[in-house]
Amino acid sequence: MPRAPHDGPHSGAARQATATASPTYTMADLPGAWPLLGHMPALARDPLAFLAGLSDHGDLVRIKVGSQTAYAVCHPELVQRFLVEDRTFDKGGPVYDRLREITGDGLGTCPATAHRRQRRMIQPLFHRDAPPSRSPGPGT
């Protein structure tokens, strides 16, 4: 199904065309990395603009944070898969190892084996029928 020139990769026409086929995603290296610093100068200068501009380069973008390589997931369907498919996208590596040392094995930093158990334990708190005293919110 040919797309009209105004249809972007996230438009309804593009989603409809790929609904029956396996989705394909683009991966790219972010240009402009400095030696030893990577993309840290641009990230430090304007973090929101840096992160907002990543999706212009691809659905999955490889960036350099100092000497470390990191990946930014920019496509909405990939973000969902990243958050849901813990076997495919397990949290690991030197950054998460360091975060675990600082914050412990919380829901945001624990490996897949512990994440599912922790998520199921706190999930009732986020249900709309949870009593207000148990619901998380401002000031709680």
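What is the mean pLDDT of the chain, and what percentage of its residues reach 70 or more? For this predicted model, the mean pLDDT is 78, and 73% of the residues reach 70 or more. Residues 1-18 form a stretch over which pLDDT stays under 50, and in the model this stretch has 12 contacts beyond four places in sequence. Where pLDDT is low, the predicted coordinates should not be read in detail.

The secondary structure of the chain consists of 6 helices and 3 strands, arranged along the sequence in the pattern α-β-α-α-β-β-α-α-α. Of the 140 residues in the chain, 20% are classed as buried. The accessible surface amounts to about 10300 Å², with carbon and sulfur atoms contributing 60% of this area. Contacts between residues at least 24 apart make up 38% of those that join residues at least 6 apart in sequence.

Strand pairing involves E1, E2 and E3. Strand E1 (residues 27-29) pairs with strand E2 (residues 60-65) in the parallel sense, through 3 bridges. Strand E2 is in turn joined to E3 by 6 bridges, and these two strands run antiparallel. Within the latter pair, Arg62 stands opposite Tyr71 of E3. The hairpin formed by E2 and E3 has 2 residues between the strands, and Gly66 adopts a positive phi near 65° in this hairpin.

The pairing of E1 with E2 can be followed at Met27, a residue of strand E1. Met27 stands opposite Leu60 in E2; the C-alpha atoms of these residues, which are 33 residues apart along the chain, are separated by 4.6 Å. Once neighbours within four places in sequence are set aside, Met27 is in contact with Leu60, Arg62 and Tyr71. Arg62 and Tyr71, which both contact Met27, are also the residues that stand opposite each other in the pairing of E2 with E3. Met27 has a relative accessible area of 43% and is therefore classed as partly exposed, since this category lies between the limits of 20% and 50%.

A further position of interest is His75, located in the loop that connects strand E3 (68-73) to helix H4 (76-84). The relative accessibility of His75 is 10%, so this residue counts as buried, because the cut-off for burial is under 20%. Between the C-alpha atoms of His75 and Tyr25 the separation is 8.1 Å, although the two residues are 50 residues apart along the chain.

Terms used. Residues are numbered from 1 along each chain as its sequence is written. This is a predicted model: local features need pLDDT of at least 70, side-chain atom pairs count only at pLDDT 80 or more; totals for chains, interfaces and linings use all residues. Side-chain values use heavy atoms; hydrogens and water are left out. Helices (H or I, at least four residues) and strands (E, at least two) are DSSP runs, numbered from the N terminus. Buried means under 20% relative accessible area, exposed over 50%, partly exposed in between (1.4 Å probe, protein chains only). Contact means heavy atoms within 4.5 Å. Accessible areas come from the Shrake-Rupley method with a 1.4 Å probe; for residues, only the protein chains shown count as cover. pLDDT is the predictor's confidence in each residue, from 0 to 100. Two strands pair if DSSP finds at least two bridges between them.
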